Amino acid sequence: MPPAPPPDDQAARAEDFLALHIPGTPLLMPNAWDPGSARLFAAIGCQAIASTSGGFAASQGRIDGAMTRDEVLEHCGALVAAVGIPVSADLENCFADEPAGVAATITDAIGQGLAGGSVEDFTRNRDEPIYELAHAADRVRAAAEAAHAGPVPFVLTARAENYLHGRQDLGDTIARLQAYQEAGADVLFAPRVVDPNELRRVLVTPGAPAVDQLAELGVARISVGGAIAAASYGFAVAAVTELREQGTPNYWDLAATVRAVMQAAFEPPA
């Protein structure tokens with residue numbers, strides 16, 4: 001595994017990351033799927049990045065949720081090593097049902113040099129997709145205790161996953177976010193809530209308000225999950241399909257504009 005940054009640097013990144021969450025001035029945090037995309041996002045001025053479970057899985061030819069705990073942690077360590085800005089990890093459900101396992105994953109994530117990470121209340125069981133509230137809060141509490149126990153801070157995001165799994169219950173979602181805040185989470189996130197009257201932390205999806213509207217609502221962070229990674233694969237499929245079926249290389253113009261950014265991002269330090 002790549003080495004974590006020195007403790008002072010890691011602590012500074014975590015402190016900077018938390019300070020970037022300003023209601024009304026949303027942190028635009030793209031999700032990188034490999035060290036190259038992480039460096040590209042840093043090179044164009046992003047102040048922090050997140051990992052994406054779906055994007056990382058796709059880069060390995062797998063579906064979202066198919067990566068192991070150790071694979072995800074090693075991958076996140078590689079993202080940290082690639083950039084000098086804060087990295088927050090998509091840790092799914094922390095690869096554990098019980099609080100002790102959740103805490104262990106957070107501790108190991110800190111060991112990878114991460115500035116933050118998330119714990120979600122999705123069980124990975126499609127028949128019973130969401131943990132019972134009291135148990136979910138216990139899991140967040142264990143994660144928060146691990147996140148805040150050591151000399152190096154870790155910004156913990158607690159995710160209420162109802163809206164991603166067909167449970168469009170705003171009352172229950174709010175109750176969960178309140179319980180997770182009480183349990184010690186630093187950031188609260190309810191992905192795929194797109195009604196402006198329901199928004200606090202959002203995952204940008206089709207139908208969501210524009211960024212300036214989200215800022216007016218007091219949103220503090222905007223993430224995109226695996227959408228950018230999927231879009232990049234979509235462009236690759238479209239380019240190859242065009243070349244094969246029409247014989248034309250119209251993708252070349254976009255490739256040429258990105259090449260200079262790639263050169264700057266990937267150039268070894270002098």
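**Close-up 1. C76, a buried cysteine in a predicted model.** With a relative accessibility of 1%, C76 counts as buried, because the cut-off for that label is under 20%. A search through the whole structure turns up 0 disulfides. C76 fits that result: this cysteine is in no disulfide, and the nearest cysteine sulfur, that of C94, is 11 Å away. A disulfide would need the two sulfur atoms within 2.5 Å, so at 11 Å C76 and C94 don't make a pair.

**Close-up 2. C94, seen from its own side.** C94 is in no disulfide either, and its nearest cysteine sulfur belongs to C76, 11 Å away. Is C94 buried or exposed? The relative accessible area of C94 comes out at 0%, so this residue is buried.

**Close-up 3. Where helix α2 meets helix α4.** Helix α2 covers residues 35–43 and helix α4 covers residues 69–82. Their axes come within 9 Å and cross at roughly 35°. As for handedness, α2 passes α4 in a right-handed crossing. Which residues make the contact? On the α2 side, look for P35, A38 and R39; on the α4 side, look for A78, L79 and A82. Sorted by class, the contact has 5 nonpolar residues, 1 charged residue and no polar ones. The charged one is R39 of α2, since Arg goes in the charged class.

**Close-up 4. W33 and F41, an aromatic pair.** How many aromatic pairs does the structure hold? There is 1, and it is formed by W33 and F41. Centre to centre, the rings of W33 and F41 are 6.2 Å apart, and there is an angle of 75° between the planes. That angle makes the pair edge-to-face, because the label applies to planes over 60 degrees apart. Both partners fall under the 20% cut-off for buried: W33 has a relative accessible area of 14%, and F41 has one of 11%.

**Close-up 5. A100 in helix α5.** Now for a residue out in the open: A100 is exposed, with a relative accessible area of 61%. The label fits because exposed means over 50%. A100 lies in helix α5, which takes in residues 99–111. How far apart are the C-alpha atoms of A100 and E128? They are separated by 21 Å, and the two residues sit 28 residues apart along the chain.

Key. Residues numbered from 1 in each chain as written. Predicted model: local features only at pLDDT ≥ 70, side-chain atom pairs only at ≥ 80, totals over all residues. Heavy atoms only, no water. Buried < 20%, exposed > 50% of the residue type's maximum accessible area, 1.4 Å probe, protein only. Axes fitted to C-alpha atoms, helices over the stretch in contact; angles between N-to-C directions. Helix = DSSP H or I, 4+ residues; strand = E, 2+ residues; numbered from the N terminus. Left-handed = near helix turned anticlockwise from the far one by under 90°. Contact = heavy atoms within 4.5 Å. Phe/Tyr/Trp six-rings, centres within 6.5 Å; stacked < 30°, edge-to-face > 60°.
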